[in-house]
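Colleague: Please take a close look at one helix packing in this model and at what surrounds it. A plain account will do.

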Amino acid sequence: MEAPLTSDIQPGLSLDLRAYEALGGYQALRKALQQMAPQEVTALIKESNLRGRGGAGFSTGMKWSFVPMNVKGPKYLVANADEMEPGTFKDRWLLEGNPHQLIEGMILTAYAIQATTSFIFLRWAYKEAAQVIRKALSEAYAAGYLGNNILGKDFSLEMHLHTGVGRYMCGEETALLNSLEGKRAVPRAKPPFPQISGLFGHPTIVNNVETLCFIPHIVNKGAAWFQSLSRTGDGGTKIYGVSGRVNKPGAWELPMGVTMRELLEDYAGGMQNGYRFRGALPGGASTDFLTADHLDTPMDFTAVAAAGSRLGTGTMVVLDDQTCPVGFVHNLEHFFAQESCGFCTPCREGLPWTEKILYALEQGHGTEEDLVQLEMHTHLLGPGNTFCALAPGAMEPLQSALKYFREDFEQHVHEKKCPYGNHTH
Amino acid sequence: MAIIHIDGKSYEVKEGKNLLETCLSLGLDLPYFCWHPALGSVGACRQCAVKSFKDEKDTKGKLIMSCMEPVKDQLRISVSDKEAAAFREQVIGWLMTNHPHDCAVCDEGGSCHLQDMTVMTGHSYRNYHFSKRTYKNQYLGPFLNHEMNRCIQCYRCVRFYKDFAGGKDLDVFAAHNHVYFGRYKEGTLESEFSGNLAEVCPTGVFTDKTLKQHYTRKWDMTYAPSICQGCGLGCNIIAGERYGSLRQISSRYNGAVNGYFLCDRGRYGYEFVNSERRIREVAIRGLMDHAIDPGAALQYLQDKLPPGRTIGIGSPRASLESNFVLQQLVGDDNFYLGMSDAEHDLATLALKILKNGPVRTPSMQEAATADAVLILGEDLLNTAPMMALSVRQAVRKQPLQDAMNTTHVPAWQDAAVREAMQDKHGPFYILHIQPTGLDEIATRTYHTAPDNITRIGFAVSQLLGAPVAAVKDLSEEEQQLAQAIADALLAAERPLIIAGYGCGCEGTMREAANISWALQQKGKAAMLVLTTPECNSLGLEMLGSHRLETAVTAVLDGDIDTVIILENDLYRRLDRHIADQFFQHCKEVVLLDHLYNATAEKATVLLPAGTFAESDGTLVNNEGRAQRFFQVFAGSGVVQESWRWLLQLGAATNNARLKNLVYLDDVTQALAQSSAIFAGIDQLTPPADFRIAGQKIPREPHRYSGRTAMLANVNVSEPKPPEDADTAMSFTMEGYRGEPPSSMIPFFWWPGWNSVQSINKYQTEVGSSLHDGDSGKRLIEPKANGQAPYFSYSPDNFVPLAGHLMLVPLYHIFGSEELSVHTPAVAERMPAPYILLNPEDAQRYQVVESHQLQLSVNGHPYTFTVKTDARLHKGMAGLPVGLPGIEVVGVPVLGKL
């Protein structure tokens with residue numbers, strides 16, 4: 001089973017330039033610069049059906065193709081490494097283990113869209129990754145992979161590391177761009193999309209780290225190879241993760257489309273002794289719960305959506321039978337309410353309201369009416385009603401918890417306490 | 001045009017506008033907060049949600065925010081859709097989770113957009129039972145209160161203050177439900193336009209602090225449509241009174257003049273009306289212990305106005321009517337314009353350029369459509385602040401167009417186009433004595449002496465093909481600058497050239513005219529703005545008459561017995577030594593004015609003249625637009641309009657020219673017939689006998705309260721309200737309830753729309769002109785196909801004169817204007833008097849910052865406190881003219897060390 005992104009990564013080590021080159025690193029860059037026109041790189045990625053690994057699953061090649069090629073002024077590429085989705089730790093693996101893979105992917109992407117400046121927007125807490133990337137960037141500059149006339153060709157690229165200040169909002173690409181410009185991390189109206197008016201008002205591509213890391217491999221081995229890695233129509237491998245009360249929490253690069261059950265049982269080693277599986281958020285904190293009934297769902301964009309959730313980041317958070325689902329969701333809504341940027345009304349005011357209700361339920365002060373209010377929020381904080389996807393994402397675990405674990409909520413109301421004994425002070 | 005379907009009804013509407021604006025223009029009620037007609041859409045509040053359907057078969061639809069939706073043909077929406085209505089109601093529910101519900105003690109209560117929208121959505125039951133978050137408020141200076149707990153985070157304040165008006169010191173801080181709008185630390189808001197926050201804010205976060213000093217519920221005031229007295233731009237204002245004191249000024253929408261906004265001098269400079277220094281009684285010198293009734297005063301004056309030995313001195317801050325009646329009273333030959341000779345020369349030149357030149361002088365709204373701007377010798381933020389706001393919008397035009405072209409997003413998508421524009425600005429050049437607040441958005445600025453500005457202007461006009469000789473000895477830098485300016489103006493379609501009284505120099509005005517004329521001959525839709533200092537400078541100049549210095553000569557020669565001074569302090573117009581002599585030689589000095597001032601000290605007869613708030617009249621702004629202002633309340637006691645005093649004097653002296661003139665309409669009709677330039681000035685507003693359905697227009701809202709009780713401490717019988725025989729407005733709440741003619745709107749109100757947002761209902765289209773056209777009449781139009789009367793004189797390069805400093809004027813929005821400084825809040829913002837020197841001059845004359853410098857001006861010694869700025873040309877000294885404590889008049893003038 002091939003794992004192109006991670007098979008070279010050694011636990012606890014970071015591949016330096018020499019090691020990366022020894023494993024065939026920067027060959028894709030040579031190939032592209034020597035043999036391919038920028039448009040050909042984009043066409044290849046389009047053909048590979050690589051879908052964005054940040055959560056939305058939009059076709060990467062398609063995204064690039066929206067960048068106007070004949071415009072005056074600079075174009076930008078940004079790697080979204082602001083990995084802050086609760087329960088998600090896949091990009092960190094790639095960032096710390098093999099920084100040059102990302103850098104090469106970024107240079108190739110920049111070449112495809114003819115960007116001249118690029119940024120790695122890194123989550124502030126990834127201190128180790130920051131160090132590793134800084135070192136890798138200076139190696140790449142020294143080796144002529146970055147800077148003017150890369151590999152002697154008529155293509156130049158600057159690459160900068162930017163560490164954020166810890167706002168979840170910056171995972172949203174337009175809020176990230178605002179933040180990178182030194183403005184408040186609030187999302188922007190779309191249209192215009194960043195491909196047309198992005199960083200500093202210029203055409204910009206923002207891609208997730210995992211997405212960018214695939215680019216060298218696709219350039220090297222082709223679109224058909226990439227497709228063949230997958231079990232389903234969505235091409236490639238995927239880094240999946242499992243956290244919660246399982247025996248072996250972790251992250252694995254597996255063919256796109258492994259089932260939840262495989263992940264849970266074969267890779268995460270099943271539930272810990274004495275704990276039963278009740279449900280899981282399949283793609284990070286902002287996805288709907290799936291339950292034991294869905295365990296045979298293939299983990300790809302299409303099938304998870306059909307089951308009523310989202311593949312998201314592909315990192316599953318498991319709820320066991322001894323954890324209070326109300327407390328679980330309260331913890332999430334606390335996070336989302338805190339991370340709301342405060343720009344639009346429903347998110348700014350609605351999320352703290354749900355958080356307060358969930359807290360009241362946990363404290364035994366909840367009422368039937370509160371459940372009505374929770375339901376109301378899950379309906380009204382839907383996509384399109386809020387300015388960006390943060391609040392709709394925040395409602396996904398809540399709405400599905402209300403659906404699948406309704407009796408727990410009602411128990412909190414009727415018993416006037418948390419049946420699991422939680423006091424979330 | 002597009003056909004759209006709203007709740008099953010079809011409408012023909014303009015394509016490309018946003019749906020919210022379109023719905024409001026159609027007269028539909030749709031709630032909103034973050035959108036503002038002048039600020040565009042950002043989609044933050046989510047209040048204006050409607051249901052959108054793909055086609056006739058789509059019954060499910062989806063919610064969209066109407067402010068973010070471009071109108072397209074066959075758009076199918078529902079406003080009344082249950083889901084949309086429920087969402088809108090819940091948006092209020094969310095906003096109310098933290099709102100303090102303190103309407104009863106909130107200044108905005110009863111005229112609050114948040115209240116109106118709450119009622120409109122039907123939100124009435126509170127489901128949120130948790131605690132509210134609270135904030136600390138900030139001290140923001142003398143103009144605005146801050147009550148952050150009321151904030152609903154619509155972001156309008158920062159969007160107006162920063163994005164629209166260019167302010168720096170108000171911002172949004174923190175995140176999630178702790179978002180905070182304020183300054184980074186407590187302190188006075190710096191923007192000249194801060195007061196607009198009170199109107200832009202949809203609730204009571206930013207409220208008028210001066211109103212709070214004498215608070216009255218907004219429905220309890222008597223209002224009248226008025227014109228700002230603060231500068232020459234003639235912004236339209238609404239003035240509100242209760243219990244005989246003026247309580248508040250707010251913006252009166254005029255699509256051609258000030259739009260939605262006002263500057264802070266205009267908004268806050270009104271309290272001189274309530275000043276303790278008001279002249280409220282008739283007084284005759286020598287009879288000071290006696291209460292003089294008006295009849296006795298008139299009788300006293302009966303034989304003291306000998307024809308030929310009586311002169312009248314008019315005023316650029318008095319109405320056309322008052323000036324005209326004075327002119328008629330004393331006769332054309334004996335009427336003098338009450339401006340200093342320097343002001344007079346500038347006003348004469350401005351009028352000559354506007355009348356004889358082929359280029360149009362634009363309204364402020366037209367000025368905002370320019371795509372390149374050149375300012376010659378003018379610090380707009382301090383001389384004509386609202387024009388600076390227009391220039392700010394004009395400078396956005398070119399990058400805005402570029403952004404719209406590349407992003408295919410309409411201009412009303414405010415955040416999106418601003419992002420695409422970044423900090424790009426269109427071509428904008430400022431040449432001035434010293435740095436100005438607009439420099440930061442200028443392509444280039446150049447600080448030099450007024451004569452040198454003139455020379456560069458001259459060079460620009462020559463480069464543009466004006467038939468003038470080349471300027472001699474221009475430095476290479478100045479030559480290049482002139483070339484860059486000429487190129488930029490030629491590349492534009494609608495170049496705007498601005499000059500005025502700002503550096504006291506005729507040359508800058510002449511060159512501005514030359515440049516605009518040359519541009520027009522090159523086929524450009526050129527525009528020319530000339531600022532004027534006072535609210536009726538241009539009107540007075542149109543009336544026309546002699547210079548003040550000839551009046552002084554006549555008086556000193558002993559040819560004159562009596563001088564009648566209209567609303568003027570001659571100590572601001574004449575050197576004080578000359579003024580002293582002037583008064584010594586007069587037998588009788590009759591002063592009609594509002595406030596005790598240095599001239600009042602010399603008067604032998606004081607007649608209490610009503611301020612703008614107690615008078616009707618007409619003013620002509622710098623555009624040549626005549627505008628009517630209406631009396632807000634009847635002057636207390638014997639206070640009455642100057643023109644009425646003068647008519648009474650005319651009657652007392654059997655003046656034939658004033659025979660048959662009694663009411664305002666009589667005077668304006670006589671004025672209209674007096675000269676072709678005033679033709680139609682009696683048509684600015686309907687006459688006094690105008691009625692709608694047999695009724696007058698009420699000055700008081702129908703919600704006005706307390707009328708039967710207000711004076712019960714004096715007399716339990718309700719007194720008869722004053723009658724207004726001069727206009728078609730009544731002083732009470734009785735009268736026609738519907739929409740008045742646009743020139744007579746005393747306040748904006750509509751059922752369900754109690755706040756100023758009700759303006760939407762008075763416009764033909766949201767953000768466009770008022771229903772029967774924006775009020776005011778332009779008295780001057782450019783000469784069609786006229787030959788440009790080019791000016792050909794170019795001064796020599798400014799060379800400092802040893803042992804001398806050329807005093808040049810510096811203006812202050814707060815301090816330079818005569819009446820507004822008598823408002824405590826404005827006085828608080830005034831700088832201390834100073835003189836500005838180049839540091840090298842300071843060193844040469846051995847003074848340092850804050851030390852005293854003595855200068856002799858016209859042979860008289862003056863002492864100033866020194867400030868320095870290296871950007872001021874050597875050999876010049878900046879003097880804050882008009883500022884209390886600065887006694888030198890007639891700047892520019894040479895000062896001797």
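Modeller: Helix α2 (residues 27-35) of chain A and helix α9 (residues 209-221) of chain A cross in the left-handed sense. This is a predicted model. Two packed helices are described by the angle between their axes and the distance between the axes. For α2(A) and α9(A) the angle is about 60°, and the axes are 8 Å apart. That angle makes α2(A) oblique to α9(A), because roughly perpendicular starts at 65 degrees. On the α2(A) side the contact is made by A:Gln27, A:Ala28, A:Lys31 and A:Ala32. The residues of α9(A) that take part are A:Pro216, A:Val219 and A:Asn220. An α-helix has 3.6 residues a turn, so residues three or four places apart point the same way.

Of these contact residues in α9(A), A:Pro216 and A:Val219 are among the buried residues of the helix. Eleven of the 13 residues of α9(A) are buried, so the helix is largely enclosed by the rest of the structure. The buried set also includes A:Glu210 and A:His217, along with A:Leu212, A:Phe214 and A:Ile215. The length of α9(A) can be checked against its residue count: at 1.5 Å a residue, 13 residues should span 18 Å, and the end C-alpha atoms are 19 Å apart, which agrees. After α9(A) comes A:Gly222, which has a positive phi, near 95°.

Strand β4 of chain A covers residues 204-208, and α9(A) covers residues 209-221. β4(A) runs parallel to β1(A), and five bridges join the two. One of the bridge pairs is A:Thr204 in β4(A) with A:Tyr76. β1(A) also pairs with strand β2 (residues 117-122) of chain A, in the parallel sense and over six bridges. There, A:Phe121 of β2(A) stands opposite A:Asn80.

β1(A), residues 76-81, has six of its six residues buried, so this strand too is largely enclosed by the rest of the structure. In a regular strand the side chains alternate between the two faces of the sheet. In β1(A), A:Tyr76, A:Val78 and A:Asn80 lie on one side and A:Leu77, A:Ala79 and A:Ala81 on the other. Both faces are covered, since these residues are all buried.

Elsewhere, chain A touches chain B: 30 residues of chain A are in contact with 33 residues of chain B. The elements of chain A that give two or more residues to that side are α13 (325-339), α14 (345-363) and α15 (368-380). Of these, α14(A) gives the most, with eight residues.

Conventions. Residues are numbered from 1 along each chain as its sequence is written. Chains are lettered from A and ligands numbered from 1 in the order in which they are written. This is a predicted model: local features need pLDDT of at least 70, side-chain atom pairs count only at pLDDT 80 or more; totals for chains, interfaces and linings use all residues. A residue is buried if 20 or more other C-beta atoms lie within 10 Å of its own, exposed if 12 or fewer, and partly exposed in between; C-beta atoms are placed from the backbone. Helices (H or I, at least four residues) and strands (E, at least two) are DSSP runs, numbered from the N terminus. Two strands pair if DSSP finds at least two bridges between them. The expected span of a helix is 1.5 Å times one less than its number of residues. Axes are lines fitted to C-alpha atoms, for helices over the stretch in contact, and angles run from 0 to 180 degrees between N-to-C directions. Angles under 35 degrees count as roughly parallel, over 145 as roughly antiparallel, 65 to 115 as roughly perpendicular and the rest as oblique. A crossing is left-handed if the near helix is turned anticlockwise from the far one by less than a right angle, and right-handed if clockwise. Two residues are in contact if their C-beta atoms, placed from the backbone, lie within 7 Å.
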